[in-house]
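The following exercises concern a predicted model. Each task is followed by a worked solution in steps.

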Amino acid sequence: MKSSRAGRRLFALSVVSAILVSACGGSTGSQSGPIKIGGLATLAGPFAVPGQDSFRGMELALDEFKNANGKWEVAGREIQLIKEGSDATPAVALEKAKKLIEQDNVDILIGPLSGDEGLAIKDYAKTVPDKTFINGSSAAQDTTFRNPAPNFFRFSTDGAQWMAGLGKYAYEKKGFKRVAVVAEDYSFPYTQVAGFMYEFCAAGGRVPKKFWVPLGNKDYSSVVSGIPTDIDAIYVALGGADAVNFLTQYNDAGGRAPIIGGSITVDQTVLGTTGPFQERLVGTAAAGPIADTNTEKPWLDFVAAYKAKFPDGLPSPSLFAHAYYIETKAALLALKEVNGDLSGGEKKFMEALSKLSFDTPTGKVSLDENRNAIANEYVTEVQKGPEGNLVNNVVAVAQQVDQTLGLGKDSPLLAQPVSRDFPACP
Amino acid sequence: MTRARKVPALAALLVPVALVLYPLLVPRFWILSIASQAIILGIVALSLVFMAGQGGMVSLAQAALAGLAAYMTAILTLRLGLPALPAGLIAVLIATLVGALFGAIASRSQGIYFLMLTLALAVGFFYLALQNYDLFGGHIGFAGVLGPTGSPRENPAAFYYLCLATAVAAYLSLRYLARAPLGLSFQGIRDNPRRMWALGYWVSLHRVAIFAIGGLVAGLSGVLGIWYRGSISPGTVDLTRTIDVLIIAVVGGLGHPIGAFVGALFFVLVQTFASSVVVLGFSFDERFNTLIGLSFLLVVLFAPDGLIGLAARARVLIGRRLADRRRDPGPPVVRPVPEPVPVDAGADPPSTPTQPLDRS
């Protein structure tokens, strides 16, 4: 009896190994066979839900290039999508990118999702000059602004660009002159705060104090008690649960200063939570690459297509679906233009990408000399919707914003990389 | 030599030859992302297997000690401009000393309390690396660190041999230690600390020494790791990576140091290829973590003593089957059943002859 039990165990283990070995088969790329696109998004860790939405965005773009048999195809070559999931840490993103490029032999890598990952992938791209790397939604500034990789393309805008129009709106329309900052302590919020401060400080505003909290911080008592009393508003660049925690604790402590939001601070996940601070959010200005209540036809068509294909997806496409959709569409349009020619280190394809300019659900997108996007950004304000819930209504559209937010590359506000202390206008 | 003994001897010869010839036969991805990564993870798991096996100390601080060595390598190389090899050696020394410090903190705890203390130390180090910008570079960490063999991408075989040599040296040293007097005293402390104390051994100091050696081996892994990646960030020492080391050690088998490397290879293969698996039309590309968890679960369920335990049992099974086949069954022998002796109810029971007692 004992030997057959051991035999069963051996069998179970060999089944596991056989399944894994069957997946190990590597393959070589070819110039006439299918085109392989690798998709990299976060499917584990804090951004798992946005990661899933990212792949939905990719599939929406691929669906616009179907052949008669319903398969994805460009210039007579079938397209294969190979997905890999990371967990928002640069080390894992790098390993998955290596697997896609070196083991699966993808021709084009589209990703990653998170800011820190993007910086790591950019460095990796420099060591693989004959493959094309297109961004996912990673929005750290330095991914393309400082030491860019010649084969890394970003058709989505960075976190600072997302803030375009907000600094000016806060100073001129809302009349805020002195603003304190509360934000998470990593590259994406640094970029967001910088984007807000570029316009706000240039207009004459002052930021006397900044509070940086670790991602996932629960206790904001030291922040709440340290906020100066002579400020007009607080710029809050926190996401999801962090935003809810801070707003609740600030409201409970009797804080009454108005809030200015980052791109993920007052999105639907936060506006949908209940709490006494909800009433105080009405009138909160924020900005980002998309707006839920955008009434332009291209956006409405995009939302309709998303809802039709993904009935169990989010109620409205997130900025992650939007970004990955645009990046994938750019790749496919460029492939069409070069007739699927990826030979010669993909040089023709990369050139077509850098010159590409096309219409997206949020307006025209083109690239600057660092291969970073120039696109439209939306300034919003929280208002009561028709059913009594809170929604972000568009109040201004910043047209064709470049990575310097119109300041020009030599502006002193752009002289150093964004960090906790830079830019500063105390 | 019997046939059963020839097999392990042949394996003992083939395995080193295969390991040395390996980089000449496979593409770069398999040299670096599979084999080198497996060796690096195997070394940190080895430190845990050593501490758990010889010292009875299951420590969750090994990933943190490896990460500390990686951070120190980066700081010494990038901020102080030291060349790669001296920076790496000093980093290993620092990891050893910090391991001794951890040992001093945790030496009087055992079992679950020891585990919790080491977990607290590991998580504390993670938050230090995440939030400290002056020394540790915060969430960004450090990038652009090269090892003595240069960029692994450009010299994959050289880097692989560096990892292999380090792993072999660590493995053989720890195996030698297990039979040396110091190693025997470690095992004595593992099995019966009170008796060892009564015999005059300074138990706490020995535990500090065990942690220091664990820190040394983990430090080796950390240095090789940063030379492999070229970068270090807090994500490499977070809770997930801390637990990964324990999973590797358990899946490989805590009974023998080679289990650490077997577990690491299994771990790397599963992590790399789980997303490519398609079973009955269902692709695991978005559910790869489910498959990873399932495979670990299956191994632990069906092989509680790890993969090497399974291999040992397989060897016994094959040996038994070979032995069965060799024995000639011959014609069936019918042995006559002895006739039962009728017992007379009234008779005296047969008496055993005894010596008359000498009553003189």
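**Exercise 1. Helix and sheet**

Task: Determine which strands of chain A helix α2 lies across, and at what angle it runs to β1(A).

Solution.
Step 1. Helix α2 (residues 48-62) of chain A lies across β1, β3 and β4 of chain A. Relative to β1(A), the helix runs at about 155°.
Step 2. The sheet is then traced strand by strand: it is open, has six strands with mixed pairing, and follows the order β2-β3-β1-β4-β5-β6 (chain A).
Step 3. At the edges stand β2 (73-74) and β6 (152-153) of chain A; each has a single partner strand, so one side of each is left without a neighbour in the sheet.
Step 4. Within this order, strand β1 (residues 35-42) and strand β4 (residues 108-110) of chain A run parallel and are joined by three bridges. Gly39(A) stands opposite Ile110(A) in β4(A).

**Exercise 2. Environment of a core residue**

Task: Decide whether Val236(A) is buried or exposed, and place the residue in the nonpolar core.

Solution.
Step 1. Val236(A) is found in strand β9 (residues 233-237) of chain A.
Step 2. The residue has 24 other C-beta atoms within 10 Å. The cut-off for a buried residue is 20 or more, so Val236(A) is buried.
Step 3. Leaving aside residues up to four places away in sequence, Val236(A) touches Val182(A), Ala243(A), Phe246(A), Ile259(A), Ile260(A), Gly261(A), Gly262(A) and Thr265(A).
Step 4. The largest nonpolar core has 121 residues, and of these Val179(A) and Val236(A) touch the most other members. Helix α13 (residues 319-337) of chain A provides the largest share of this core, 12 residues. At least three residues of the core come from each of domain 1 (35-157 + 295-375) and domain 2 (161-288 + 385-414) of chain A.
Step 5. With the same exclusion of residues up to four places away in sequence, the contacts of Val179(A) include Phe200(A), Val207(A), Ile231(A), Tyr235(A) and Ile260(A). Another core, of 103 residues, lies apart from the largest one; among its members are Ala95(B), Val98(B), Ile189(B) and Ile213(B).

**Exercise 3. Contacts between domains**

Task: Describe how domain 1 and domain 2 of chain A meet.

Solution.
Step 1. The centres of the two domains of chain A, taken over C-alpha atoms, are separated by 28 Å.
Step 2. In this contact, 15 residues of domain 1 of chain A meet 13 residues of domain 2 of chain A.
Step 3. On the domain 1 side, α4, α5 (142-145) and β14 (373-384) of chain A each supply at least two residues. The largest share, three residues, comes from α4(A).
Step 4. By class, this side of domain 1 of chain A divides into seven nonpolar, six polar and two charged residues.

**Exercise 4. Contacts between chains**

Task: State how many residues of chain A are in contact with chain B, and identify the element of chain A that gives the largest share.

Solution.
Step 1. The count is 35 residues of chain A, in contact with 36 residues of chain B.
Step 2. Elements giving two or more residues to the chain A side are α1 (2-23), β3 (77-86), α3 (90-103) and α4 (115-126) of chain A.
Step 3. The largest share, 11 residues, comes from α1(A).
Step 4. Sorted by class, the chain A side has 17 nonpolar, eight polar and 10 charged residues.

Definitions and conventions. Residues numbered from 1 in each chain as written. Chains lettered and ligands numbered in written order. Predicted model: local features only at pLDDT ≥ 70, side-chain atom pairs only at ≥ 80, totals over all residues. Contact = placed C-beta atoms within 7 Å. Helix = DSSP H or I, 4+ residues; strand = E, 2+ residues; numbered from the N terminus. Nonpolar A, V, L, I, M, F, W, Y, C, P; charged D, E, K, R; others polar. Buried ≥ 20, exposed ≤ 12 C-beta atoms within 10 Å, placed from the backbone. Pairing = 2+ DSSP bridges. Axes fitted to C-alpha atoms, helices over the stretch in contact; angles between N-to-C directions. Core = buried A, V, L, I, M, F, W, Y, C linked by C-beta atoms within 7 Å. Domains from an automatic or database assignment.
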